[in-house]
Amino acid sequence: MLRSVIDTLLTKSTLRALRHRNYVIVELAGWFSGAGMWFYRIGIQVLTWDLTGSGFWLGVIAIAEAAPGILLSPISGALADRYDRLVLARIVQVSVMLVTAVLAGLTLAGLVHIWLLLGLALLHGAAAAFWAPIRMSIAPNLVPREDLPAAIALHSTLFNLSRFLGPAIAAPLLVAGGPGVVFAVNAGLYLIFLLALHMVELVNPDQRAAAGHGMLSNLLEGLRYAAGHPVIKYLFVNMIFASVMMRAYSELLPGFSATVFGRDPTHRVPILISAAGLGAIFASLLIGNVTRLATILRIYFLSIAAALLFLTLFVATSSFWFAVGCAVLLSTSQVGINVAGQVIVQSTVRGELRGRVMSLWSLLNRSGPAVGALALGGVSGYVGFRWPVLAAVGVTGCVAVFVATRWGAIRQALAAGQ
């Protein structure tokens, strides 16, 4: 009986991705790196608020983290299509670790002021901008094609498990030692992932991009492909607004905690982020058990509608614990959008263009919330945090309705294997 249950889990559920050794090593070690990333995000948000008490500066630091991605993510994607993705991943991971270690040392020494923090955020953002497209391009190279949806969903599950547990672990460290200790632990966790990247190989590599073309030519080829694809182009249109408008709130949580809910950001921001991580786990596990792209497409559109509803409720309430519940459901919906969308894109994109297309996805996923946070955070100084986010919900809803009217065309293209 037990053996039958185990066999079913390893062949029918999200856990089927765990049959592949290289994937297991990367994902389990990546969990520590993912937890460390949440250490960093909480630490830099709280440090920024401690130094300035400004929603505008929260947006500035967020955009400093994300701005390098606008230029560097497409370049990283092109490099991932032309060169060994595993070697590139090792180089970039060293860079992220070193920048985080410098930030930890300076913070512990009491030498950080807001302008120095801005510079370090730019450096960290530059290293992270190279990382995301390479990491997303590697995932399909670790498993066979039929297990790709499970691999993407399980990666999201583990990533969001770190999002749930990471803040819970970071919170006592933050209270006891401050952001400097949190940054130091973050740097140490990156080392674990770096060691794991030297223990794996790519078992299902994509065809390399054609040689003899310049970087600009490669970048334009990827952009034209995404813009002309009958499925991918619509997902990208929706992703632009969903990232910039719908996810900006996550970069402004200290401001929401202090001014909307009347709670200390040091204690409450980790709770909100952990709540979001819990919801994200639910969404990832659900999608990983689905194999038909038509069903995943329906989940994608349902997730958009749910995200619009729960963000509205999150912003409208003054009750912190009701907002925590909304954060769980909002994150479930937003991760449903992201994971379902990524499964569809990864399942339809041509292998030699995967790095470039996923670099655009990564750019929106990472930079979009920061761009929105800068705009909404700036306006919050005049009208508070609620009304800018509610306006963003309205704009995103209009775009979502437009994309939904193309449902039939998208479904036909998926059925035709495009």
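**Exercise 1.** In this predicted model, find the helix that holds Ser347, decide whether Ser347 counts as buried or exposed, and list its contacts beyond the neighbours within four places in sequence.

*Solution.* Step 1: Ser347 belongs to helix 13, which covers residues 320-348. Step 2: the relative accessibility of Ser347 is 15%. The cut-off for buried is under 20%, so Ser347 counts as buried. Step 3: once neighbours within four places in sequence are set aside, Ser347 touches Arg145, Leu148 and Leu293.

**Exercise 2.** Do the same for His124: state its helix, its burial class and its contacts outside the four-place window.

*Solution.* Step 1: helix 5, residues 114-138, contains His124. Step 2: with a relative accessibility of 4%, His124 counts as buried, because the limit is under 20%. Step 3: apart from neighbours within four places in sequence, the contacts of His124 are Tyr40, Glu65, Val96, Val99, Thr100, Tyr190 and Arg366.

**Exercise 3.** Classify Ala305 by its accessibility and give the separation of its C-alpha atom from that of Gln334.

*Solution.* Step 1: Ala305 sits in helix 12, residues 293-316. Step 2: its relative accessibility is 47%. Partly exposed is the class between under 20% and over 50%, so Ala305 counts as partly exposed. Step 3: Ala305 and Gln334 are 29 residues apart along the chain, and 9.9 Å separates their C-alpha atoms.

**Exercise 4.** Compare the span of helix 9 with the expected value, then name residues of this helix that are buried.

*Solution.* Step 1: helix 9 runs over residues 232-246 and has 15 residues. Step 2: at 1.5 Å a residue, 21 Å is expected. Step 3: from first to last C-alpha the helix reaches 20 Å, close to that value. Step 4: the buried residues of helix 9 include Ile232, Leu235, Phe236, Met239 and Met246.

**Exercise 5.** Describe the chain as a whole: its secondary structure, its radius of gyration, its burial and its contacts.

*Solution.* Step 1: the chain has 16 helices and 0 strands. Step 2: a compact globule of 418 residues would have a radius of gyration near 22 Å; the chain has 20 Å, so the two agree. Step 3: the C-alpha trace spans about 55 × 50 × 45 Å along its principal axes. Step 4: 58% of the 418 residues count as buried. Step 5: of the contacts between residues at least 6 apart in sequence, 87% join residues at least 24 apart.

Notes:
Residues numbered from 1 in each chain as written. Predicted model: local features only at pLDDT ≥ 70, side-chain atom pairs only at ≥ 80, totals over all residues. Heavy atoms only, no water. Helix = DSSP H or I, 4+ residues; strand = E, 2+ residues; numbered from the N terminus. Rg over C-alpha atoms; globule rule 2.2 N^0.38 Å. Buried < 20%, exposed > 50% of the residue type's maximum accessible area, 1.4 Å probe, protein only. Contact = heavy atoms within 4.5 Å. Expected span 1.5 Å × (residues − 1).
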